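Colleague: I would like to go through this model with you, contact by contact. Please put it on the screen.

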2 protein chains.
Amino acid sequence: MLTEERHRIILDLLARKEVVKLQELVEATHSSESTIRRDLTQLEKEKKLRRIHGGATLPHQKREELSVLEKSAKHIEEKKRIAEYAASLVEHGDCIYLDAGTTTLEMIPHLRGKDIVVVTNGMMHLELLLENDIATYLLGGLLKKKTKALIGRGALQSLQSYSFDKCFIGANGVHYEYGYTTPDPEEAMVKHTAMRLAQKAYVLADHSKLNESAFAKIADLHEAILITDQLDEEWQELYKAKTAVEVVAK
Amino acid sequence: MLTEERHRIILDLLARKEVVKLQELVEATHSSESTIRRDLTQLEKEKKLRRIHGGATLPHQKREELSVLEKSAKHIEEKKRIAEYAASLVEHGDCIYLDAGTTTLEMIPHLRGKDIVVVTNGMMHLELLLENDIATYLLGGLLKKKTKALIGRGALQSLQSYSFDKCFIGANGVHYEYGYTTPDPEEAMVKHTAMRLAQKAYVLADHSKLNESAFAKIADLHEAILITDQLDEEWQELYKAKTAVEVVAK
DNA sequence: TATTTTTGATTGATTTTGATTGATCTTTCG
DNA sequence: CGAAAGATCAATCAAAATCAATCAAAAATA
């Protein structure tokens, strides 16, 4: 078997399993241990993977990239600031859920290079996630034509089999009394389920969504941490009494 | 053999296999090692391929496009005929599974206007299905970058909750002894599960796939009806003894 | 026929490979 | 906890595979 061929098999297996044992690679490629070791050494030099005792794993993030991104992010609108901050909460090794929606979409470029797994129901997110070399799982279910989000029983069911370190949800309305809301009941159901399955849930909403409410309730305020760009003095107490609020300053 | 001819064979093999050994090329062209080496050197200068120790591979840039696009250009006429016939088997009210793959992709335009529900694991199929106003469910799971198919445990699990009237599967190899095969074991697993969940299973394969076998077995011949464009006399009995075969004439 | 181009065989140099060694890391169990 | 056992490791080496360079024969061309 040719070197190139082996390398492809190794990276392919890695993309799929996150970690591979050296023995598995030996079997998969029908090569000797020595050869695989050499392959791993070389691929590590190329930053394609990271060696660990007994095998290899996907490379971990490179912090430098963030500084570059920050610069380009200076004059962007509120959503991008929120998205960037939200992305900074994602840590090495996290498994996160990304809700369909434009704000969460903005998070993706900032996730590049992080060694994470993303589960999403947003079709629009897919392309971008793959471009940024992020291991991506997609929910099943009925594809909603207008928003290209996956919803319904099928989506809920695929969702149940995961559990997340963090989840990031978009909402059309955030109200101190009615909680987080969105126009579509089925989407609301998916969002709520994702929140329940996550250790930490974040709702991303710019200030125009505050004190608004849409038709279908996603969850109560206290069920998620709210990330927004601006919260007027007069409301601070009201919201902070119910949940943690992160305000992303300019 | 003419130089041009050899070059065509080399690039042809490359497009199909991504990586070829020098020895394979020697056999395929009945030329000497030296000649093939010279060919490779020249083709590399023309950026048509990249030489590696022991053979050659596709240049990095072209690899992604080729993985799906060029492959689809092969036997396109045959595939279309097969696809059109397969689509004609779909009846009003059916719930069908469409496997990821270029042949099944061709079925979609012919499904327009039929009142059906489609479940698929092919990301490429989505856009086209929606354009043709077909109710579409998508499997969950890990998105395989190269073929844009959903695979893995997540895909299998979403699959289990459906049942189909018919399913249409693509295969890279069809062999009277080894059955239906495909290069990726995880994809094979998804294909097989879909077949089991369907009342009637069809495998779509143009004649270039016959008597070939790939790494991972999908199913035995008898587990699905084979639809192809050409089956030589000499093989007819062998195949027809094992399963129903539909040959789509020109 | 003479000239140029292409081919296949041969050479020694280079690269890759698998086995082996003793060193280092993990796990197990007293 | 700490020592022994078991894995895994990097380094090394000889065998095997592959390579580039060369040259004469064969084929194509003038």
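Colleague: Which residues in α2(A) meet which residues in α3(A)?

Modeller: Keep in mind that this is a predicted model. On the α2(A) side, the residues are A:Leu22, A:Gln23, A:Leu25, A:Val26 and A:Thr29. By class, the residues of this contact divide into five nonpolar, two polar and two charged. From α3(A), the partners are A:Glu33, A:Ile36, A:Arg37 and A:Leu40.

Colleague: Are α2(A) and α3(A) roughly parallel or roughly perpendicular to each other?

Modeller: Helix α2 of chain A spans residues 22–29, and helix α3 of chain A spans residues 33–45. Their axes are 9 Å apart, at an angle of about 110°. Angles of 65 to 115 degrees count as roughly perpendicular. Therefore α2(A) and α3(A) are roughly perpendicular.

Colleague: What is the handedness of the crossing where α2(B) passes α3(B)?

Modeller: In chain B, helix α2 (residues 22–29) packs with α3(B) at about 110°, with the axes 9 Å apart. That makes the two helices, α2(B) and α3(B), roughly perpendicular. The crossing of α2(B) with α3(B) is right-handed.

Colleague: Which residues of α3(B) meet α2(B)?

Modeller: α2(B) brings B:Leu22, B:Gln23, B:Leu25, B:Val26 and B:Thr29. The classes in the contact of α2(B) with α3(B) are five nonpolar, two polar and two charged residues. The α3(B) residues are B:Glu33, B:Ile36, B:Arg37 and B:Leu40.

Colleague: Why are α6(A) and α7(A) described as roughly parallel?

Modeller: Helix α6 of chain A covers residues 102–111, and helix α7 of chain A covers residues 123–131. Angles under 35 degrees count as roughly parallel. The two helices pack at about 5°, so they are roughly parallel. The axes of α6(A) and α7(A) are 9 Å apart, and the angle is about 5°.

Colleague: How many residues in the contact of α6(A) with α7(A) are charged?

Modeller: α6(A) contributes A:Thr104, A:Leu105, A:Ile108 and A:Pro109, while α7(A) contributes A:Met124, A:His125, A:Leu128 and A:Leu129. Six of the residues in the contact of α6(A) with α7(A) are nonpolar and two are polar. The charged count is no residues.

Colleague: Now the DNA. Which residues are the closest to DNA strand D?

Modeller: 14 residues surround DNA strand D. By class, four are nonpolar, six polar and four charged. β2 (50–52) of chain A and β2 (50–52) of chain B each supply at least two residues of that surface. The closest residues are A:Arg37, A:Gly54, B:Arg37, B:His53 and B:Gly54.

Colleague: How far is the side chain of A:Arg37 from a phosphate oxygen of DNA strand D?

Modeller: Of the strand D atoms within 4 Å of the protein, 88% belong to sugar or phosphate. A:Arg51 places a side-chain N or O atom 3.1 Å from a phosphate oxygen of DNA strand D. B:Gly54 uses a backbone N or O atom, 2.5 Å from a phosphate oxygen of that strand. For an N or O atom in the side chain of A:Arg37, the distance to a phosphate oxygen is 2.6 Å.

Colleague: Which helices each supply at least two residues of the surface near DNA strand C?

Modeller: 17 residues surround DNA strand C, and the closest are A:Arg6, A:Thr35, A:Arg38, B:Thr35 and B:Arg38. The surface near DNA strand C has two nonpolar, 11 polar and four charged residues. The helices are α1 (3–17) and α3 of chain A, with α1 (3–17) and α3 (33–45) of chain B.

Colleague: Which side chain has an N or O atom 3.0 Å from a base nitrogen of DNA strand C?

Modeller: Of the strand C atoms within 4 Å of the protein, 52% belong to sugar or phosphate and the rest to bases. The side chain of A:Arg6 has an N or O atom 2.8 Å from a phosphate oxygen of DNA strand C. A polar backbone atom of B:Ser32 is 3.2 Å from a phosphate oxygen of DNA strand C. The base nitrogen contact at 3.0 Å belongs to A:Ser34.

Methods: Residues numbered from 1 in each chain as written. Chains lettered and ligands numbered in written order. Predicted model: local features only at pLDDT ≥ 70, side-chain atom pairs only at ≥ 80, totals over all residues. Heavy atoms only, no water. Axes fitted to C-alpha atoms, helices over the stretch in contact; angles between N-to-C directions. Helix = DSSP H or I, 4+ residues; strand = E, 2+ residues; numbered from the N terminus. Parallel < 35°, antiparallel > 145°, perpendicular 65-115°, else oblique. Contact = heavy atoms within 4.5 Å. Nonpolar A, V, L, I, M, F, W, Y, C, P; charged D, E, K, R; others polar. Near = heavy atom within 4 Å. Polar contact = N/O pair within 3.5 Å; in protein donor to acceptor, adjacent residues only side chain to side chain. Left-handed = near helix turned anticlockwise from the far one by under 90°.
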